[in-house]
Amino acid sequence: MTILPQNNNFANQDDPMDLDQLISQGGTAEKKLGVLVGHNLGSNTLLLKVPMHEFYELSEVANERGLTSRPEFEDNIIAQRNLDPKHAQKLAIYILKGLAHALATKYEREGRGPVAALEKIQKNLGKQPYLAMQPITANIRECEFGGKGLRTQVGEGGLVYVYLATKHVLWVVDGQHRRFAMQMLFDFLRSLTTTYKYPKRPNLYSGEDDRIETEELRVWMDIFDTARTNCTVMIEVHLGLTPDQERQLFHDLNNLTKKVEASLAFQFDQSNPVNVWIKEELNDSGLLTAQIVERDVTDWHEDKGYIARKDLIAVNAILFLNKTNVSGAQPVDVVEKSEFAARFWAAVCQIDGFGEDRAKQKTIAAQPVVLKALAKLAYDFGYGRQKSDESLSMLIEGIPTVNFSHDEPMWRYYQLSTDDRAKWGLSGLGEYLPS
């Protein structure tokens, strides 16, 4: 471990100084923080562990919004992209889910039995096998490169301490959305525990009733306390970087990593409720007759009747959410539509040739675009503007009886002449199809 040399540039509080000196040094109020000192590819860094709320107070973001809203930072240079509030909201919900898990662990450690109100909150948020937040990267601009100008101290047992004055801001290089998510979370919990109602903004959790029951409110207060005390974040602090160096570091951290393939991401993800439903209710139960694979088989002669995971996710995104992806899915969306979705897939799996060897040669229903179209119809009749129990029943009951083979002339409607359409009894389809 590299140890930063103790620096005495900060005046002793007992030494006389004029007002200009005091202001230039950021005042005499310093925060003593225990740190690990690292040497990241030739540069000194500090690794801090602080509670979430303390990190928020110590840090700022050098984007246009953050600098223009604070007059004292108007001379600082922008080194961050603009904030995406929707992305931050998703992270806030994730952190809230983690806090609920942390509280459940605390209750278990204290020997308390299952708390119904907490279990209800976790069920509505959605559970997953593990939760964690990656370290945040920041920079202290108000020191020389490598940390010269910071006051440090080596304590007993070799522990290293750094003293941060009020002027020593942790400028976030990578993690501004996590920081804003923390702000949204604290605003949500503060509003909830003072008004005893679920706030509409930020909308991180929706309760069944506007008014929160006593037991549930007690759990939310414990979650708030957990957020302020037990849950910490790790911060790697770079020292004395210029705005250009900050931009380069931001680029490297976000662009030199290899993006995870969609199918692999879906295979590993056990947090999205639609993904969990596919695994537990559709696949593990044996309801789905087609085997799930990570890559689609493009050669029809090699097709074994498999269905690619990314295609299965896309079909169910339409079926559950009427969207093209499952991002933002909530457990309640899946719970209320689970039986409906099971009926749909039970009907699809009865289509002749579906899930069988060389399925793509036997039926057009082996094509994702056809399954998406059927899922769209099912959603519209079940939950959309054209909601109709009668139409939904006709669709579900009719899917196994329709001829989905490639020989069916109906699927070549636009390629047929007027006489051929009449010959095959397809003239009436024109009333339901685009010109």
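**Entry 1: cavity**

I looked for enclosed space in this predicted model and recorded one cavity of 30 Å³ or more. For the largest cavity I noted a volume of about 110 Å³. I then listed its lining, which has 17 residues, and those closest to the centre are Tyr306, Ile307, Ala308, Lys360 and Ala366. Next I assigned the lining to secondary structure: strand S10 (307-308), helix H13 (359-362) and helix H14 (368-382) each give two or more residues to it. By residue class, I entered 10 nonpolar, three polar and four charged residues for the lining of the largest cavity.

**Entry 2: Arg309**

I turned to Arg309 and located it in helix H11, which covers residues 309-321. Is Arg309 buried or exposed? I recorded 16% relative accessibility for Arg309; the cut-off for buried is under 20%, so Arg309 counts as buried. I checked its side chain for a polar partner and found Glu294, whose side chain is joined to that of Arg309 by a polar contact of 2.9 Å. Leaving aside residues up to four places away in sequence, I listed Ser263, Phe266, Gln267, Ile292, Val293 and Glu294 as touching Arg309.

**Entry 3: Asn44**

I placed Asn44 in strand S2, residues 43-51. Its relative accessibility is 18%, and therefore I entered Asn44 as buried. Which side chain does that of Asn44 join in a polar contact? I found His39, at 3.2 Å. I also noted a backbone partner: a polar atom of the Asn44 side chain lies 3.1 Å from the backbone oxygen of Gly146.

How values were computed. Residues are numbered from 1 along each chain as its sequence is written. This is a predicted model: local features need pLDDT of at least 70, side-chain atom pairs count only at pLDDT 80 or more; totals for chains, interfaces and linings use all residues. Side-chain values use heavy atoms; hydrogens and water are left out. On a 1 Å grid over the protein atoms alone, a cavity is a set of points where a 1.4 Å probe fits but cannot get out, and a pocket is an open set with protein on both sides within 12 Å along at least five of seven lines; lining residues have an atom within 4 Å of a point. Grid points are joined across faces, edges and corners, and a volume is the space filled by probe spheres set on the points. Helices (H or I, at least four residues) and strands (E, at least two) are DSSP runs, numbered from the N terminus. Ala, Val, Leu, Ile, Met, Phe, Trp, Tyr, Cys and Pro count as nonpolar, Asp, Glu, Lys and Arg as charged, and the others, Gly among them, as polar. Buried means under 20% relative accessible area, exposed over 50%, partly exposed in between (1.4 Å probe, protein chains only). A polar contact is a pair of N or O atoms within 3.5 Å; within protein, one must be able to donate a hydrogen and the other to accept it, and residues adjacent in sequence count only if both atoms are side-chain atoms. Contact means heavy atoms within 4.5 Å.
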